[in-house]
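Here are my notes on the model you sent round. Have it open while you read, and click along as you go.

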Amino acid sequence: RVTVQIIPPPRTPAEVTVYPTGIPDLKTSLDLIRGPHPTSASHSVQSVTAKRLASYPGRADDSAHFVHAYIPAKIRFILDRDSQLISHAVNAFCERDPLDVKATASMENFPPIDCRVHCVKFSRRLYAQLQHRTFCAPKRSPWAKLNPDVASSKARDIGTKIAYGFEILCSQCRSDAHTQTDSPRWQHYMESLAGRGYFRGEIEGSRRYRKLAEAAREYFDENTRIAAKRVHPGRRVLDLIEEFSGATFDAILPPESDDSWLSIDADELDGMLRERAGFEEANDEECLEKIEAMKDGMKKFVTKVSDFEGAEFPSEYRADQVKFDAETFVDALGKILEGKIESDSSVEDEDEDIGLDEESDDEDESLRGYM
C-alpha cells in the first residue's frame with residue numbers, strides 16, 4: 001500500500017538533529033522516511049490523497065489533449081525521446097522575460113526548417129496555458145515569415161509557441177564554455193545593481209567599487225551553484241539535439257481532440273466546483289425555502305427597535321420555553337418590597353436624627369461588621 005510521507009520541520013531544539021531545517025535532498029529524505037522517526041501523514045491526509053488517486057491512471061488519459069502543430073523535425077525527435085519536455089517548454093514560454101525574448105531573436109536551435117504538421121500530446125492544463133497566450137513572432141524572426149499555405153493558422157500558432165519554448169530552454173541552460181560572469185544574466189544583474197545605487201556612486205575600478213563587485217559576484221555564484229544542482233531541462237534538450245539525425249512524421253495524422261471544454265457556462269462551473277468540494281446535489285425547493293426564510297428574518301431584524309443592550313429576535317423566544325414559578329416570583333417580590341420599606345425608613349430616621357454622632361458611630365460599627 002502506498003502511503004503519504006511528510007517530513008516536518010523541526011519544532012523543538014531536540015528535533016533539529018533529526019529533521020532538516022531546509023529543503024532536504026533525495027537521499028536525506030529517503031533516509032528519514034526509512035528511519036525510526038515518524039513521517040507518515042495523518043489518517044485524514046491519507047484518506048483524501050487515496051480518494052484523489054483512486055481514479056488514476058485512467059483519469060490521466062481523460063485529461064490528455066491532442067492538437068496539430070507545425071513544428072520542426074528536431075522538436076518531433078525530442079518529443080519522441082522525452083515527451084515530458086513539452087511541459088517545460090510550455091512553462092518556459094509562458095514565463096518568459098525580456099532576456100529570454102532577446103535570446104530567441106535568431107532562433108538558432110529551432111528555425112522553421114524541415115517542418116511538418118504533427119499531433120502533439122498535451123495535458124489540458126498545458127494546452128489551456130498555451131492556447132490563451134497571445135503571441136506574435138518578432139518581424140525579424142524566421143517564424144514570422146511562414147507561408148500561410150503550409151498549415152492552418154492554429155497549427156502554425158501552436159507550433160511557433162512550442163518552438164520558442166524550446167529555444168528559451170536552450171538559452172537558459174548555460175554552456176560550459178562560458179563563465180558565469182560572461183553570461184547575459186550576470187550582465188543584467190550588474191546593471192540592475194548599478195541602477196539601484198548599489199555601488200554608491202563609486203568610480204568603476206576603484207578599491208571600494210571592486211570590493212562591492214566582488215561581494216555581488218560571490219552572491220551571484222552561490223545562488224547559481226544552488227540552481228545548478230538541479231539538472232536543467234534545457235541541458236536535456238541540448239543533448240537530444242546532438243543526437244538528432246532526422247525524424248519521421250506520420251503520413252496520416254490522428255484527429256485533434258475537441259477543445260469545447262475550454263468554454264463552460266455558469267451551471268457547469270458550479271457543478272465542477274460542487275464535485276471538487278464534495279458537495280451533494282442540492283434540492284432547488286429546499287434552497288428557495290432557505291433563501292425565503294433568510295430574507296424574512298432579515299426584514300424582521302431591520303424593522304425591530306433596539307436599545308443600548310442590542311436587538312432581540314422574537315423567534316428565539318417561544319411560549320412553551322417560558323417556565324413561571326409562582327412561589328419564587330412571590331418570594332422575590334416580597335424581598336424587593338421589604339428592601340424598599342427598609343430603605344425608606346432608614347431615610348426618614350436619617351432625616352430626623354441628622355447631626356447625632358452616637359447613631360453615626362453605631363452605623364459605622366454595623367458597616368464594619370459586614371466588612
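What follows is a set of numbered points, going from the whole chain down to single residues.

1. First, the status and the overview. This is a predicted model. The chain has 371 residues, and 22% of them are buried. Its secondary structure adds up to 15 helices and 2 strands.

2. A word on contacts and surface. Take the contacts in the chain with a separation of 6 or more: 79% of them are between residues 24 or more positions apart. The accessible surface is about 27,700 Å², and carbon and sulfur atoms supply 54% of that.

3. Helix α9 is a good one to look at by eye. It runs over residues 184-195, which is 12 residues, and spans 16 Å from its first C-alpha to its last, close to the 16 Å expected at 1.5 Å a residue. Which residues of α9 are buried? They are W186, M190 and L193. These three sit on the same side of α9, because the arc they cover around the axis is only 60°.

4. Now turn α9 round. On the face directed away from the buried side you'll find the exposed residues P184, E191 and G195. Following the helix comes G197, with a positive phi near 80°.

5. Staying just past α9, have a look at R200, which is in the loop between α9 and α10 (207-228). Its phi is near 55°, so here is a positive value in a residue other than glycine. Most residues other than glycine have a negative phi. R200 is exposed, at 58% relative accessible area.

6. D114 makes a pair with that point. Its phi is also positive, near 55°, and D114 is not a glycine either. You'll find D114 in the loop between α6 and β2. With a relative accessibility of 41%, D114 counts as partly exposed, whereas R200 is exposed.

7. The loop that holds D114 has another residue to check. Where is T104? It lies in the loop between α6 (98-103) and β2 (115-123). T104 is buried, because its relative accessible area is 2% and the cut-off for buried is under 20%. Beyond its neighbours within four places in sequence, T104 is in contact with Y164, E167 and I168.

8. On to charges: the salt bridges number 10. One of them joins K27 to D31, with 3.2 Å between the closest N and O atoms. Both residues belong to helix α1 (residues 26-34) and are 4 residues apart, about one turn of the helix. K27 is exposed, with a relative accessible area of 59%, while D31 is partly exposed at 42%.

9. A second salt bridge inside a helix pairs K295 with E292, where the closest N and O atoms are 3.3 Å apart. The helix is α13 (residues 284-303), and the partners are 3 residues apart, again about one turn of the helix. K295 is partly exposed at 39% relative accessible area, and E292 is partly exposed too, at 41%.

10. What does D82 form a salt bridge with? The partner is R236, and the closest N and O atoms are 3.6 Å apart. This pair links distant parts of the chain: D82 is in the loop between α4 (73-81) and α5 (85-94), R236 is in helix α11 (residues 233-243), and 154 residues separate them. R236 is partly exposed, with a relative accessible area of 32%.

11. Last, a nonpolar spot on the outside. I264, L269, M272 and L273 make a nonpolar surface patch of about 360 Å². One of these, L273, is in helix α12 (residues 266-277).

12. If you only have time for three views, I'd pick these. Start with α9, with W186, M190 and L193 buried and P184, E191 and G195 exposed on the face turned away from them. Then go to D82 and R236, the salt bridge between distant parts of the chain. Finish on the patch made by I264, L269, M272 and L273.

Conventions. Residues numbered from 1 in each chain as written. Predicted model: local features only at pLDDT ≥ 70, side-chain atom pairs only at ≥ 80, totals over all residues. Heavy atoms only, no water. Expected span 1.5 Å × (residues − 1). Buried < 20%, exposed > 50% of the residue type's maximum accessible area, 1.4 Å probe, protein only. Arc of directions from axis to C-beta. Salt bridge = Lys/Arg side-chain N within 4 Å of Asp/Glu carboxyl O. Patch = residues over 30% accessible without salt bridge, like charges linked within 9 Å, V, L, I, M, F, W, Y side chains within 5 Å. Areas by Shrake-Rupley, 256 points an atom, 1.4 Å probe, with all protein chains shown as cover. Contact = heavy atoms within 4.5 Å.
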